Amino acid sequence: MKQTALSKYVKSARKQHNLTQVELSEKSGVGLRFVRELEQGKQTLRLDKVNKILNLFGCEVGVVTMTKSDEL
């Protein structure tokens, strides 16, 4: 799996808060396997679980308006 901006952010934020993957799993209420897959850059993840983790760091995934140049 290729790391993404999201996976890099979560891993970095976890380390800045001195959390292990197990501790992040427990604090966010998601499984350890999910944390590992997220940090490894798995392409298909449940957004509700991603947001549970991001909420610990004061963030969340949301809708971003695209400009005309970004559209297909």
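**Figure 1. Phe57 in the predicted model is buried**. Its relative accessibility is 13%. That value is under 20%, so Phe57 counts as buried. Tyr9 comes out at 34% relative accessibility and therefore counts as partly exposed.

**Figure 2. Tyr9 and Phe57 form an aromatic pair**. A search of the whole structure finds one such pair. The geometry is edge-to-face. The ring centres lie 6.5 Å from each other, and the planes meet at 85 degrees. The pair links distant parts of the chain. Tyr9 sits in helix 1, while Phe57 belongs to the segment after helix 4. The two are 48 residues apart.

**Figure 3. Helix 4 has four named buried residues: Val50, Asn51, Ile53 and Leu54**. The helix runs over residues 47-55. Because the buried residues cover an arc of only 160 degrees around the axis, they lie on the same side of helix 4. They pack against helix 1 (5-16), helix 2 (21-28) and helix 3 (32-40).

**Figure 4. The chain as a whole reads α-α-α-α**. It holds four helices and zero strands. The C-alpha atoms fill a box of roughly 40 × 25 × 20 Å along the principal axes. Of the 72 residues, 28% count as buried. Take the contacts between residues at least 6 apart in sequence: 51% join residues at least 24 apart.

**Figure 5. Surface and charge of the chain**. The accessible surface comes to about 5300 Å². Carbon and sulfur atoms account for 52% of that surface. The chain carries 13 positive and 8 negative charges. The mean positions of these two sets are 6 Å apart.

Key:
Residues are numbered from 1 along each chain as its sequence is written. This is a predicted model: local features need pLDDT of at least 70, side-chain atom pairs count only at pLDDT 80 or more; totals for chains, interfaces and linings use all residues. Side-chain values use heavy atoms; hydrogens and water are left out. Buried means under 20% relative accessible area, exposed over 50%, partly exposed in between (1.4 Å probe, protein chains only). The arc is that of the directions from the helix axis to the C-beta atoms. Contact means heavy atoms within 4.5 Å. Rings of Phe, Tyr and Trp (its six-membered ring) pair if their centres lie within 6.5 Å; planes under 30 degrees apart count as stacked, over 60 as edge-to-face and the rest as tilted. Accessible areas come from the Shrake-Rupley method with a 1.4 Å probe; for residues, only the protein chains shown count as cover. Lys and Arg count as positive and Asp and Glu as negative; His and the chain ends are not counted. The place of a charge is taken as NZ of Lys, CZ of Arg, CG of Asp or CD of Glu.
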